Amino acid sequence: MPDKAQALESAVREGDREAVLGILRNLEPAQREALRAAVVRLAKRIEKAVTWLSANRGQQEPDGWGTGEQTHAVQAAVVVCGTARDVAEFTSSGTDIRSLAKEFTPASLRGLGEALLESRPNRIYEVQELIVAGLIDRPQGETYARGLLTLWPEAHAHRYRPSVEKLMELDPGLKDALPLMMEFEGDGDLSLAAVDKYRAPAAQWALLLHSMCEHGTYSRAFLIDKTLDALERGWPAFRSGWFSAFHEMLAPSAEELAQRSPRYLGLLGSRISPTVKLALGVVKLLDQAAPIDERVLLSALRPVFTSAVKAQVEAALRLLDRAIKRAPALATEAAASIVPALAHGSADVQEQVLMKLARWNPDTATRALLADYSPGIAAVNRDAIRALAGAPVAAPAPESKPAIAAPAPCARDPLDSSLRVAPIETLDELVEGVAYVFENDTDIDEFERALAALVRFSPLTGEARERLTPLMKRVPRVKKPVSGELALFLRFLMTGERVEPGIHWRIENLSYAHRELYFRCVELMDFVMRSPGCVPLATPTHRRGFIDPAVLMKRLADYQVRGLKPGVRDGCQAILRLALTANPEVMQALRALDGNVFEAADACIRAAGKRDALSTRFGWRIVAPTDLWPLPGVDVGLNSQIVIADRAGAHRVMAERAEGRSCVQHNVGGRDEGCILYYASMLPDDMEGFFASGVVAFAENIGWWEARWYDRAYLKQLLHPDLILGPMATLLIAIALAVKEPGQSAMAVDALVQARAEGRIDVSLLARDVRALLAGGVTTCARYAKSLQAALRIDVAMGPALIEVLGSAIAARPEEAPKDTSALLELLLEVALAQGRTLPAETRNVLEVMKISGKGAALRGKLLRLP
Amino acid sequence: MQYAYRYAAPSSFTEEGRPKLSLATADAGGAAHPYFFEGRLVRPRLVADLLTAVHSIVAARFFTPANSVGKAIALADPVVTSGGGLLRFEGFSSCCSAYVRADLLPQSYRGDIVGKGTTNVDFNEPMRAALARVRDDAGLEFAVGLQEFRLRSSNADVVERKVELPTRWIRGMLEVQSYQAGMSRLFETPAVEALRFFRTLPKASTSKTPLWIARGPNGLFATTRPVGGAVRVTDSSRLRVLHALLPFARSLSVYADDSQQANAWVVDFGEARLTLTLSAEVWRGFSGEGQALWALMQADSGEVAATLARVRAQLQWQAALDAPALARELAVEQFVVEDVLRVLGASGLAGYDVFAGSYFHRVLPFDLSMADELHPRLVDAKALIEAGAVKRLRADPFEADVASGDSAYRVREVDGELRCTCPWFAKHQGERGPCKHVLAAAALRPAAN
């Protein structure tokens, strides 16, 4: 058949579909099937050409393949000569499969429906056409169900598509097939829930099926049963949720519900929360209409008492309570069945269970079981459970011992020997260190070690070059800012090449911190050219970027002996990184320094007044134009205005907390964790500006509207034991405790717990910040309650601090207390009871005037009754 | 790797008369349909929940790599092992970051273990859906496999399901055993306490912030700081499968290896246990780890190689392989037997029960002839050795240059550990097992070290 294949290829190349069909008409079916390999080869060639053309718009494919006509022609050949899978792979919805199939009755019709739907479920329209034309059998199973799911949204989105009703007219069998959709779970893309979620109500299956029910296409009984079938399968909550909602839409009558009573009772045992909610609602109605057999009800309700959903446990308790009133003989058995509900975290639920237990006369075995539930029960319920247990139950855990051993309550010296950064001494260490930084962009201490070592090892010896050569292969792939700068520095040392800003890479597009790092590295390149083998002045001697003043004095002395001139940035950065030291001689020597020591930095370092942190410490401060030294957070003489960009009420609080200090709110670190951490190392002894940036970052994203994982770098800094938390750091904790992203709020909890244990935080200031943020509507009570509860679990010694913070928090809006204030009141009551603490007078005063209803009012009453 | 599950009939759940759950089995290729168990379950609902948990993990994908469409992988069927009176159902998540095993102990059933071995078991959708309807009060007959007679007389259709089983899935199944063998117990807590704590964990994924979970005076708590006796977990949503089980459990035991690269959560129900083993990060499937590489490297030479066949001859589907007893019986050192067991685990011939602290015999029902090839680092290291790419520079402390491609990496001994200058080692610092250069260099390390 080579001549036929050749003729076919020529016709396809010409894009002559009629010629292709003419050749195929003259062949026997077996001869056509024998051409399959040639046709598939052609189809692949054209597909490849089409891909090439779409990537090279405006050009012609070198071999002239890929035209629309050729595609059209080869698709016809695939339908006639190929298999069902070939048709699914190489044809599109524009291919007239039906007419070709009618004329040729090709082998590809075998399993074509399934193949088309497996390739793309929305080819259902072609499948329906083939079914109506009697060319294929109706597909079965999940593949067909997935196709059917796309029918209605497609018809709604594209007017040229026939409606579902029209399709049913053409294909009466579709009526019986459509409910297949309710029998398969589907997946994230295709299930009834997924399809309906992003559609307007008019395009939703739920509404269409409901209207079909009203028009008599399907009976109510049929759809209710189908819905219950699906709910009984226990699919995940999202997919099951569609059926719960559809059931609600169908609104079965009391009679319809009663007919299916055992099924609803069975659904109480479902593992899916929306299903249990539905079942509880129905069972309540059924029980009200005609009391359900109490023993049956008790058995059906048992699984609900292990639910994590408070409303469901409470609803089940109410139902059981009604049943026990009717059949008191079951009380003891009922008591045993509700004990698992004591594992619920809500003190309310626990209280209700204990009250029922007290009434239902639990037997000895049930009372003994209570001992298992006693540890961890809410303090407000401890007396009740002890009374019920009869026998002594496990005493509550000692509440004064913290879970984590707390260090001494004082901040550690930043120059502590354990925090010393050892310089790299050997070539082996250098190679490993640089390789490590290339792969670990957020370790600033290691970055500084590696950078200093590269400067010190310059000019590189032959051996060093040989050892560093494998790392050069990695340089082009190191893209992150911090490690990227190290990579460029290595490249400069190895090749002498510098990377200049270009069209795609502009200095002004970099974050402040990255820009500073870039200029520092550029300056160091010049430095190694004129003064090789020296330690840069700004190389940290201790973690977090600190420099021991004594070491800096030695470096300066060495520079003076060797007649070296440090770079401007290196000098400035060295001064900013100086740590306070207890050595009076060193401090004296430092105070004696003036800008002249740093000859190259003379323009930007001056003796000055006593306004900023540096001036009070050293007797001088940096005065520089911002374009030369654009380090926000440091008072450089020109940047003293607080910028209030009131996108969130947090800024107002910031302004109050700043108390006259200069806290510029530029996004210094940008959107990279490494850069933010580098920013933190630029002025390690005064981090207020850094934390001010953090406050803005978190305040703008408190609801996690944008995935800004890098912002956690601000929180990491709060954990350093040598850092006394100032107003901005405290405000950052206050905001971060209430952010939505659970990882970040957990970090804030840890920062609070650790800082309090180490005596690094002013809890009163935190309490005031929390109140101000709540009053401004920036944060919510519920999130504070959750975070502070977590803090208490970590360290019970948090109790007094929590009482102060909670007392202040509830004072935010006592006249119109939000509903979730009850979460704070519940925690306050728990802490006060568990630790036997009294409430401060101010907190009592707030409670007296607080306007709150419901659960909040009850808690308020309990708090006021505390001794 | 294309893999076909071929069952003589689908697994089924019948509710007429006495409810019965029949699990269909098939060996690789579908030639045999082992018959393992026939009897009645003591706590039907618990077993249904355990099987559902196994399926939940098998069906889960906790991580989809960036720049790749989450390729829809047809679900692999769980594996069942019968031996020593235990029925064990194992599965693995499709992202390879979570491993699950449900162990039914002899007290969980009334009936007979009629066969021993390992095979696949059909977890079709209708059978899984039926598990949701299982209730204790109705009782439940249970069968794993079908009697030969009933198999012949059954007119049910043969079920054939082809799945694309990535090699990394099988690799993960092998690797997780090595991790488990290196774990020790960190804490045990009553199930009620664990349940209360789990309900406080965030519902959203916390994959970017590792949590350390520890037991303090006030019960369990989570922190983002490493604390003594705590277990490190990323993405606590992987633990959600345990929530539904804890109300019926006695206790929860937590295990981890020394470097916290994996952890195991064992829920004890008395008559059954569920083990959930998680990798250090959701994006780090067990398949990419290399804990077994040292053992596999030794498998071809020395005493381990000599003992391997002798230990294999002792395997008889034991529920616990007792290393000291085997060592006595074979008259070899215990550490040699332990190394051999590690090799068997990494070859798919043994699983590890972290609760019992011992290996058990089971043969994964896949083509295991290419077990070595499933470890690319091992293959590459052997190739480096064969090519003479390793040049020893110093014996003590050990130092060697390894030529790999057009680069030369230095492997050197620091504080007893081998370190390499390659990017892979720089990134993982040996936490994910040795790199190929370290493996190759180690072969030239003096035996005394």
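**Reading burial, cysteines and the A–B interface**

Modeller: Of the 867 residues of chain A, 55% count as buried (under 20% relative accessible area, with over 50% exposed and partly exposed in between; 1.4 Å probe, protein chains only). This is a predicted model, in which local features need pLDDT of at least 70 and side-chain atom pairs pLDDT 80 or more, while totals for chains, interfaces and linings use all residues. Residues are numbered from 1 along each chain as its sequence is written, chains are lettered from A in the order in which they are written, and side-chain values use heavy atoms, without hydrogens and water.

Colleague: How many disulfides are there over all chains?

Modeller: A disulfide is a pair of cysteine sulfur atoms within 2.5 Å. The search of the whole structure finds 0.

Colleague: Why is A:Cys521 not bonded to the closest cysteine sulfur?

Modeller: Because that sulfur, in A:Cys675, is 11 Å away, too far for a bond. A:Cys521 is also buried, at 1% relative accessibility. In chain B, B:Cys420 is in no disulfide either, and the nearest cysteine sulfur, that of B:Cys422, is 3.8 Å away. B:Cys420 is buried too, with a relative accessible area of 2%.

Colleague: What area is buried between chain A and chain B?

Modeller: Buried area is the accessible area (1.4 Å probe) that two parts lose on being put together, summed over both. Here that is about 4300 Å², with carbon and sulfur atoms giving 53%. A:Arg271, A:Glu432 and A:Arg793 supply 17% of what chain A buries against chain B, more than any other three residues.

Colleague: And how many salt bridges cross this interface?

Modeller: The rule (a side-chain nitrogen of Lys or Arg within 4 Å of a carboxyl oxygen of Asp or Glu) finds 5 between chain A and chain B. One salt bridge joins B:Arg410 and A:Asp428, whose closest N and O atoms are 3.7 Å apart.
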